[in-house]
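Welcome! Here are some short exercises to work through, each followed by a solution in steps. Have a look at the structure, then try each task before reading on.

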Amino acid sequence: MKSNVEQDVKTAECCCGACTVSVQGNPVILAICHCKNCKKRTGSAFLVYQLILMMNRAC
Ligand SMILES: [Zn+2]
């Protein structure tokens with residue numbers, strides 16, 4: 001069984017998989033944007049983003 005710290009680590013990667021990031025803890029901001037720029041950048045109806053403090057970086 002994983003410890004509480006290990007369970008709290010979240011990982012993500014860019015579209016091509018070249019960049020990965022692992023963070024620990026909850027985001028400061030979690031939001032969805034429907035503006036024209038975000039629709040264009042994602043090719044979808046909205047963009048989901050979150051702001052995480054760098055001090056929460058796991059690696
Ligand atoms: Zn936007």
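**Exercise 1.** Is Ile 29 buried or exposed, and why?

*Solution.* Begin with where the residue sits: Ile 29 is found in strand E3. Next, count its neighbours: 8 other C-beta atoms lie within 10 Å of Ile 29. Then apply the cut-off, by which a residue with 12 or fewer such neighbours is exposed. Ile 29 is therefore exposed.

**Exercise 2.** Find which residues Ile 29 touches, not counting those up to four places away in sequence.

*Solution.* Start with the pairing of strands: E3 and strand E4 (residues 47-51) pair in the antiparallel sense over five bridges. Within this pairing, Ile 29 stands opposite Leu 51 in E4. Now list the contacts: Ile 29 touches Gln 50 and Leu 51. Gln 50 is 21 residues away from Ile 29 along the chain, yet the C-alpha atoms of the two are separated by 5.3 Å. To finish, look at the cover over E4: the count of buried residues among its five residues is zero, so E4 is hardly covered.

**Exercise 3.** Describe how E1 and E2 pair, and what lies between them.

*Solution.* First locate the two strands: E1 spans residues 9-13, and E2 spans residues 20-24. They pair in the antiparallel sense over five bridges. One example is Val 9, whose bridge partner in E2 is Gln 24. Then turn to the hairpin they form, which has six residues between the strands. In this hairpin, Gly 17 takes a positive phi near 85 degrees. As for cover, E1 is hardly covered, with a count of zero buried residues among its five.

**Exercise 4.** Decide whether Ser 44 is buried or exposed.

*Solution.* Place the residue first: Ser 44 lies in the loop between helix H2 (36-42) and E4. Ser 44 has 11 C-beta neighbours inside 10 Å, which is why it counts as exposed. For a sense of distance, take His 34, ten residues from Ser 44 along the chain: their C-alpha atoms are separated by 9.2 Å.

**Exercise 5.** Work out where confidence is lowest and where it is highest in the protein.

*Solution.* Keep in mind that this is a predicted model. Start from the overall picture: the protein averages a pLDDT of 83, and 80% of the residues score at least 70. Confidence is lowest in helix H1 (residues 4-7), at a mean of 60. It is highest in strand E3 (residues 29-33), at 95. Ile 29, from the opening exercise, is found in E3.

Note on methods
Residues are numbered from 1 along each chain as its sequence is written. This is a predicted model: local features need pLDDT of at least 70, side-chain atom pairs count only at pLDDT 80 or more; totals for chains, interfaces and linings use all residues. pLDDT is the predictor's confidence in each residue, from 0 to 100. Helices (H or I, at least four residues) and strands (E, at least two) are DSSP runs, numbered from the N terminus. A residue is buried if 20 or more other C-beta atoms lie within 10 Å of its own, exposed if 12 or fewer, and partly exposed in between; C-beta atoms are placed from the backbone. Two strands pair if DSSP finds at least two bridges between them. Two residues are in contact if their C-beta atoms, placed from the backbone, lie within 7 Å.
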